[in-house]
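Here's a quick look at some aromatic packing and a polar side chain. Have the viewer open while you read.

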Amino acid sequence: MSVHRNPLLTVDIIIRMAGAAVVLIERKNPPYGWALPGGFVDYGESLEAAAWREAREETGLEVECLEQFRAYSDPNRDPRHHTVTIVFSALAKGIPEAADDALRAKVFRLEELPDNLVFDHARILADYFNL
């Protein structure tokens, strides 16, 4: 008898700031490194509500102009589980403040993105910004 398993659903948010910059968080939990703000979609929650919530929880920023960008579903994109992420883009102003699963939150100019991006977030940013 086989056990039926489904991928876990997540959202990631490309939070754009003035001057061709994005907000990344340094993860408090494994896998360690820098990541787009994001997380798991709660049962009964829309994708958009999850994106707004995760952005606020991890960066303290209120985002606007939320738009769905693309889905990423490579079974190996997250070393912990098979996840499918729906990536959103949004605009924000202000200074990000890390909270929840984030150790730090920082604004990076596109030409200065850190080398230790986790998951497939380097690919996502490259796809979005045509890097």
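## Starting at F69

This is a predicted model, and a good place to begin is F69. With a relative accessibility of 25%, F69 counts as partly exposed, because that class runs between 20% and 50%.

## The aromatic pairs

Searching the whole structure turns up 3 aromatic pairs. One of them brings F69 together with Y128: the ring centres sit 5.0 Å apart with the planes at 85°, so this one is edge-to-face. F69 belongs to strand β5 (residues 64-72) and Y128 to helix α2 (residues 121-129), so the pair ties together parts 59 residues apart in sequence.

Y128 also pairs with F129. Here the centres are 4.7 Å apart and the planes again meet at 85°, so this pair is edge-to-face too. F129 has 22% relative accessibility, so it goes down as partly exposed. Put F69, Y128 and F129 together and you've got one aromatic cluster.

## Over to D120

Where does D120 sit? Look in the loop between β7 (102-109) and α2. Is D120 buried or exposed? Its relative accessibility is 12%, so D120 counts as buried; the cut-off for that is under 20%.

As for company, D120 is in contact with Y72 and R77, once you set aside neighbours within four places in sequence. With R77 there's also a polar contact: the two side chains are joined at 2.8 Å.

Definitions and conventions: Residues numbered from 1 in each chain as written. Predicted model: local features only at pLDDT ≥ 70, side-chain atom pairs only at ≥ 80, totals over all residues. Heavy atoms only, no water. Phe/Tyr/Trp six-rings, centres within 6.5 Å; stacked < 30°, edge-to-face > 60°. Helix = DSSP H or I, 4+ residues; strand = E, 2+ residues; numbered from the N terminus. Buried < 20%, exposed > 50% of the residue type's maximum accessible area, 1.4 Å probe, protein only. Polar contact = N/O pair within 3.5 Å; in protein donor to acceptor, adjacent residues only side chain to side chain. Contact = heavy atoms within 4.5 Å.
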